[in-house]
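Dear colleague,

Please find the structure below. My notes come after it.

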4 protein chains.
Amino acid sequence: MGSTEQLPVAIIGASGYGGVQLARLLVEHPLVEIAYMGGSGSAGSGFGDLYPHLAHSIDITIENAEPEAIADRAKIVFLSLPNGLACKLAPKLLAKGCKVLDLSADYRFRDLQTYTDWYKTERDDLDVAASAVYGLPEIYRDRIAETNLVGCPGCYPTATLLALQPLLKQGLIDLRSIVIDAKSGTSGGGRQPKTNMLLAEASASVCAYGIGKHRHTPEIEQICSDLAGQEVLVQFTPHLMPMVRGILSTVYANMRDPGLTKDDVLTIYKSFYRSSEWVKVLPSGIYPQTKWACGTNLCYIGLEVDSRTGRVIVTSAIDNLMKGQAAQAVQSMNIMMGWPETTGLPKLAFYP
Amino acid sequence: MGSTEQLPVAIIGASGYGGVQLARLLVEHPLVEIAYMGGSGSAGSGFGDLYPHLAHSIDITIENAEPEAIADRAKIVFLSLPNGLACKLAPKLLAKGCKVLDLSADYRFRDLQTYTDWYKTERDDLDVAASAVYGLPEIYRDRIAETNLVGCPGCYPTATLLALQPLLKQGLIDLRSIVIDAKSGTSGGGRQPKTNMLLAEASASVCAYGIGKHRHTPEIEQICSDLAGQEVLVQFTPHLMPMVRGILSTVYANMRDPGLTKDDVLTIYKSFYRSSEWVKVLPSGIYPQTKWACGTNLCYIGLEVDSRTGRVIVTSAIDNLMKGQAAQAVQSMNIMMGWPETTGLPKLAFYP
Amino acid sequence: MGSTEQLPVAIIGASGYGGVQLARLLVEHPLVEIAYMGGSGSAGSGFGDLYPHLAHSIDITIENAEPEAIADRAKIVFLSLPNGLACKLAPKLLAKGCKVLDLSADYRFRDLQTYTDWYKTERDDLDVAASAVYGLPEIYRDRIAETNLVGCPGCYPTATLLALQPLLKQGLIDLRSIVIDAKSGTSGGGRQPKTNMLLAEASASVCAYGIGKHRHTPEIEQICSDLAGQEVLVQFTPHLMPMVRGILSTVYANMRDPGLTKDDVLTIYKSFYRSSEWVKVLPSGIYPQTKWACGTNLCYIGLEVDSRTGRVIVTSAIDNLMKGQAAQAVQSMNIMMGWPETTGLPKLAFYP
Amino acid sequence: MGSTEQLPVAIIGASGYGGVQLARLLVEHPLVEIAYMGGSGSAGSGFGDLYPHLAHSIDITIENAEPEAIADRAKIVFLSLPNGLACKLAPKLLAKGCKVLDLSADYRFRDLQTYTDWYKTERDDLDVAASAVYGLPEIYRDRIAETNLVGCPGCYPTATLLALQPLLKQGLIDLRSIVIDAKSGTSGGGRQPKTNMLLAEASASVCAYGIGKHRHTPEIEQICSDLAGQEVLVQFTPHLMPMVRGILSTVYANMRDPGLTKDDVLTIYKSFYRSSEWVKVLPSGIYPQTKWACGTNLCYIGLEVDSRTGRVIVTSAIDNLMKGQAAQAVQSMNIMMGWPETTGLPKLAFYP
């Protein structure tokens with residue numbers, strides 16, 4: 001396919017880890033071309049100055065993020081900015097006819113009061129927010145296909161919701177019993193230097209953080225409630241792992257029916273995700289390693305039913321920067337455009 | 001103190017990680033001297049052949065583990081052998097007047113049927129087993145002082161039981177609600193080469209294993225039941241971390257009294273462990289990193305009460321090879337001998 | 001392109017790291033299909049049993065490595081076996097009309113006496129060995145295009161020879177002064193479990209090994225001598241790095257002409273590799289990180305001329321399993337088949 | 001020994017990695033007590049606020065670094081400050097009768113012009129600088145015993161000079177042929193957050209930096225020249241390793257006498273360092289891992305003579321924060337005070 005047929009897209013916030021993953025995926029996507037890279041601190045720099053190893057393939061200068069200029073040159077815009085910035089930019093881009101995929105938290109919440117409570121930011125774009133669709137294709141594929149604005153999920157919610165969805169949709173678990181113990185590589189903390197993210201600090205150590213307070217909690221609860229048809233509260237604890245990439249979410253819940261076996265639940269999961277290209281339910285007795293998903297848009301799921309305790313334990317593994325961020329955004333773009341959902345997305349892991 | 005006054009001790013199973021930690025601690029302990037190192041595969045080797053960097057300080061040849069010879073030369077014997085071997089050796093050593101500290105699972109269970117069910121090994125040393133004390137000093141200090149046989153705790157149980165003890169003793173939690181999500185470095189898997197423990201496999205990745213089946217489950221339940229005064233079942237899930245040392249145990253439970261605050265519970269913990277030199281309850285809002293405990297006999301505890309969900313979440317961090325294994329055994333030896341409990345034990349971490 | 005047009009290829013030795021990389025590359029290569037996977041210990045297993053995360057894309061059973069069966073089903077055969085096995089298999093496959101790419105050391109040496117001296121193996125396939133071409137396309141592209149048997153280079157020689165080639169071809173350095181200090185991730189040691197490759201041993205540590213004795217020494221010297229037109233001896237010291245993938249080769253040599261500046265030498269390098277898609281000479285002042293090459297077939301080169309000492313220092317970075325092994329073999333296959341040299345080969349790194 | 005007999009010492013620059021190592025060593029040193037901790041940015045904080053895991057053992061508030069106050073309360077002062085600050089503070093402390101050990105570069109150079117050339121800082125404390133002794137006890141033990149001002153060596157020079165000393169003193173090598181390829185963990189870069197030191201960047205990757213320009217070059221050359229009795233130029237290339245602690249220095253040089261064997265050179269080294277408690281020459285065929293030195297004041301040396309090339313290759317391993325920084329400073333303090341050189345210094349590694 002000649003480049004004249006490729007759809008022009010923009011990446012705003014190109015200098016961070018989300019931006020560099022988007023750049024890598026979009027430059028290899030057969031149906032689009034990167035027509036605009038925008039940033040604030042990095043405006044004026046060549047992308048290859050920030051990432052010398054990509055200079056040979058991505059020869060683009062980062063510009064200021066001017067809505068007019070972006071909309072003139074791109075049909076689809078990926079926003080990879082800190083929370084609270086996309087909601088200033090997206091309304092203008094939508095008004096000019098762009099499709100927008102936002103990787104921040106700005107368009108993930110149906111109820112803006114929840115956003116304001118947890119993110120401490122007032123908002124005045126209620127109408128725009130109301131039109132946004134939560135960009136987890138395995139839950140909202142049909143609605144993504146019809147929207148112009150996708151609020152791409154957080155990394156922890158992606159892994160967690162894919163692990164919980166069959167249980168919630170089938171009504172298999174006690175909704176007050178959900179405990180989510182999640183583990184993430186440090187790249188989720190971004191490229192801005194912070195002492196606790198130094199190799200000398202974060203290497204060879206693990207710790208919990210944000211217990212009971214992490215802002216992915218209301219995001220997970222919103223979607224769980226939607227899936228269950230009633231309000232769900234979850235216990236969510238993130239942990240920092242001494243590795244760059246990957247999230248493992250270990251989810252615990254009490255089974256409603258003590259007679260269901262592991263094989264029963266595995267059958268339900270396999271059936272549930274049968275037509276999902278990007279979710280792989282592992283055979284009985286196999287639990288995923290995060291490494292298996294590295295570099296791909298895949299989510300691997302392994303599970304166990306403990307007949308002694310009456311609990312189901314589900315572990316799900318993703319690459320936090322891919323299915324947890326950039327690749328999932330590309331997956332949503334494919335759906336918005338009516339392209340095959342797997343276009344341009346890697347499925348074979350960088351391994352070992 | 002001259003060496004003539006130092007008590008002679010033996011390490012059986014000196015070539016593994018438990019053995020090398022014991023050797024390091026005991027060679028620096030002011031009140032003992034290593035008089036015997038025993039092994040099977042490594043018999044005949046110098047300890048410095050196995051660990052060239054220790055040759056300058058530990059110039060001892062590993063011998064076969066003959067009970068007669070051991071008892072002739074040592075008053076205290078540390079057994080650091082695979083499960084199922086200590087129970088052959090300990091009765092003979094005890095009969096000859098030695099004090100024995102076993103680092104395997106052989107003497108951790110009051111009920112040998114539980115041992116047989118989970119470890120698939122028949123036993124005929126019922127009387128000896130009945131005399132053993134579970135070597136977690138912060139729970140059984142008084143009984144350790146009076147026994148000649150200590151079954152040293154597993155690494156996961158150590159971190160987990162120290163996190164749970166105040167809750168169980170004070171009756172603060174719903175006993176059916178306990179979820180333990182534990183994370184360990186790979187040194188817990190020993191020095192025998194296995195594919196899944198290779199750096200190329202275990203690095204840059206996390207995974208769960210043994211869900212609902214790990215043999216530390218009945219060990220945790222036995223002691224929890226003892227602390228609670230009634231039978232306790234727990235949900236225990238271990239995870240492999242891409243690091244060498246350290247365990248973080250994240251424990252979840254439902255509070256019985258929804259009115260208790262984090263400050264209330266912190267006060268209870270600080271009071272509970274006030275006189276325990278080796279357990280440090282952190283200030284409000286601080287959760288431990290495993291790195292903080294590395295190289296020490298310390299256990300750091302941080303906790304949170306989530307008023308939204310009614311749960312308490314406790315995280316505890318230890319060095320799996322120290323408080324989780326060798327150093328805790330030395331702590332028990334100190335108690336058995338009537339020495340100050342901190343003798344010869346490091347408290348300042350190898351950090352960063 | 002339909003599968004009927006894809007050329008059938010075989011991977012023999014599919015269970016190791018070389019095999020799994022080859023499998024990943026070949027399953028995505030548009031012009032071939034994997035028609036045969038062979039092994040010894042793993043024969044009878046599904047590839048997905050060994051690598052559960054690839055089961056969804058590579059549904060092939062590993063068979064015994066029977067030359068007849070292989071040649072019946074495949075036109076091109078990749079041998080990824082321990083040293084000394086390919087030389088038994090390759091002659092039979094060649095006789096049946098297959099093209100063969102061997103990833104072991106068996107066909108890297110023009111002079112079999114050198115092979116015998118360093119590898120301690122007698123050989124009787126002199127004629128076959130004489131027909132083999134050393135598979136470093138940036139040196140022997142033309143000859144690779146005309147052979148049926150490629151001896152694919154070792155990982156260290158690949159990084160090192162690409163760093164040295166312009167200096168040797170242009171006669172810029174004192175041939176007795178070459179010092180090569182190379183650093184490799186542990187995946188170069190393969191997937192067989194060994195104590196020194198355990199995460200608990202190899203993590204958080206570096207060491208030299210095989211000083212003056214590593215078998216890549218004569219391989220580097222053979223090709224250096226060919227490039228220089230006279231015999232070259234090198235000082236080669238490999239080091240083990242606490243990481244999975246990547247090689248950095250730091251090469252030192254005395255400049256013949258003290259007047260040449262860094263900019264002069266950079267100009268020579270850029271000119272030399274101008275038409276090489278897979279070698280990227282970095283701008284002045286930038287030295288490569290191994291991470292920049294991870295997952296790609298690229299070699300990054302940065303260099304410095306030290307006017308104080310009269311030395312040139314070149315650092316080159318590759319992914320040891322890709323440009324250093326599997327991807328370079330695919331590059332050679334592309335050349336043997338007359339396909340574009342970049343077909344099916346990744347150039348955007350897995351980063352960060 | 002009661003605390004009333006302990007000598008009061010000060011640590012200025014207590015918040016960095018040098019400071020925290022000094023604090024840990026000095027709090028356990030039997031002959032001193034920490035009487036003052038000083039800093040700039042951290043003044044007013046408790047040391048335990050910066051390092052919560054040390055709060056239980058080091059309950060000291062960091063104060064401003066006022067020379068008067070320091071000298072009133074401490075007899076020995078450790079300066080662990082950025083380059084260019086110690087030379088403002090040390091003269092005042094010396095004038096008030098303190099002994100000073102400076103961990104920065106300020107007092108390492110006999111020739112202040114070299115300092116000014118490489119560090120770009122003008123100095124006016126020529127007299128004071130002239131009285132300073134380079135604090136590498138294995139070279140300048142006698143002079144350290146008689147000075148009040150020690151300029152503690154850099155981490156790379158420590159490992160490198162211990163590797164080179166016997167060769168230079170015995171005149172065994174060609175002085176123009178020295179190549180030093182050194183590898184360091186990231187803790188050498190300090191605790192200030194920088195992008196290239198993030199776990200997400202520095203993990204799983206190696207790179208060279210500062211080729212031909214690193215400021216440890218003139219420091220190494222100054223001492224080498226002193227040892228050789230004539231001017232020595234070296235080729236020094238540092239590399240960043242994906243690990244927290246440790247330096248490995250691999251040193252290459254041409255032998256003057258081609259007849260000397262590895263055993264000859266090993267005999268020379270063992271004899272040379274026979275009475276040095278902290279330098280361990282390994283048996284033939286064993287090369288050190290950096291991990292072997294972690295947490296100790298030891299330097300391990302392994303070497304090889306390559307008869308093919310006529311070169312000697314020496315590898316030396318230290319803990320960059322211990323023998324490479326804080327522990328070596330304590331060793332010098334012991335010597336300055338006439339205490340046994342090993343007092344308070346660990347010799348058994350944190351391993352694995």
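The notes cover one chain interface and then one strand with its partners. Please keep in mind that this is a predicted model.

Interface of chain B and chain D

Contacts between these two chains involve 32 residues of chain B and 32 residues of chain D. About 2,700 Å² is buried between chain B and chain D, and carbon and sulfur atoms give 71% of that area. On the side of chain B that touches chain D, helix α1 (residues 17–28) of chain B supplies the largest share, 5 residues. That side of chain B is made up of 18 nonpolar, 6 polar and 8 charged residues. The rule finds 0 salt bridges across the interface of chain B and chain D, but 12 residue pairs in polar contact, both residues at pLDDT 80 or more.

Strand β12 of chain C

Strand β12 of chain C spans residues 299–306, and 8 of its 8 residues are buried. Cys299(C), Ile301(C), Leu303(C) and Val305(C) point to one side of β12(C), while Tyr300(C), Gly302(C), Glu304(C) and Asp306(C) point the other way. Both sets are buried, the charged Glu304(C) and Asp306(C) included.

β12(C) pairs with strand β11 (residues 279–281) of chain C in the parallel sense, over 3 bridges; here Val279(C) lies opposite Cys299(C). With strand β13 (residues 311–318) of chain C, β12(C) runs antiparallel, joined by 7 bridges. Within that pairing, Gly302(C) has Thr315(C) as its bridge partner. β12(C) and β13(C) make a hairpin with 4 residues between them, and in the turn Gly310(C) has a positive phi of about 80 degrees.

Regards

Methods:
Residues are numbered from 1 along each chain as its sequence is written. Chains are lettered from A and ligands numbered from 1 in the order in which they are written. This is a predicted model: local features need pLDDT of at least 70, side-chain atom pairs count only at pLDDT 80 or more; totals for chains, interfaces and linings use all residues. Side-chain values use heavy atoms; hydrogens and water are left out. Contact means heavy atoms within 4.5 Å. Buried area is the accessible area (1.4 Å probe) that two parts lose on being put together, summed over both. A salt bridge is a side-chain nitrogen of Lys or Arg within 4 Å of a carboxyl oxygen of Asp or Glu. A polar contact is a pair of N or O atoms within 3.5 Å; within protein, one must be able to donate a hydrogen and the other to accept it, and residues adjacent in sequence count only if both atoms are side-chain atoms. Helices (H or I, at least four residues) and strands (E, at least two) are DSSP runs, numbered from the N terminus. Buried means under 20% relative accessible area, exposed over 50%, partly exposed in between (1.4 Å probe, protein chains only). Two strands pair if DSSP finds at least two bridges between them.
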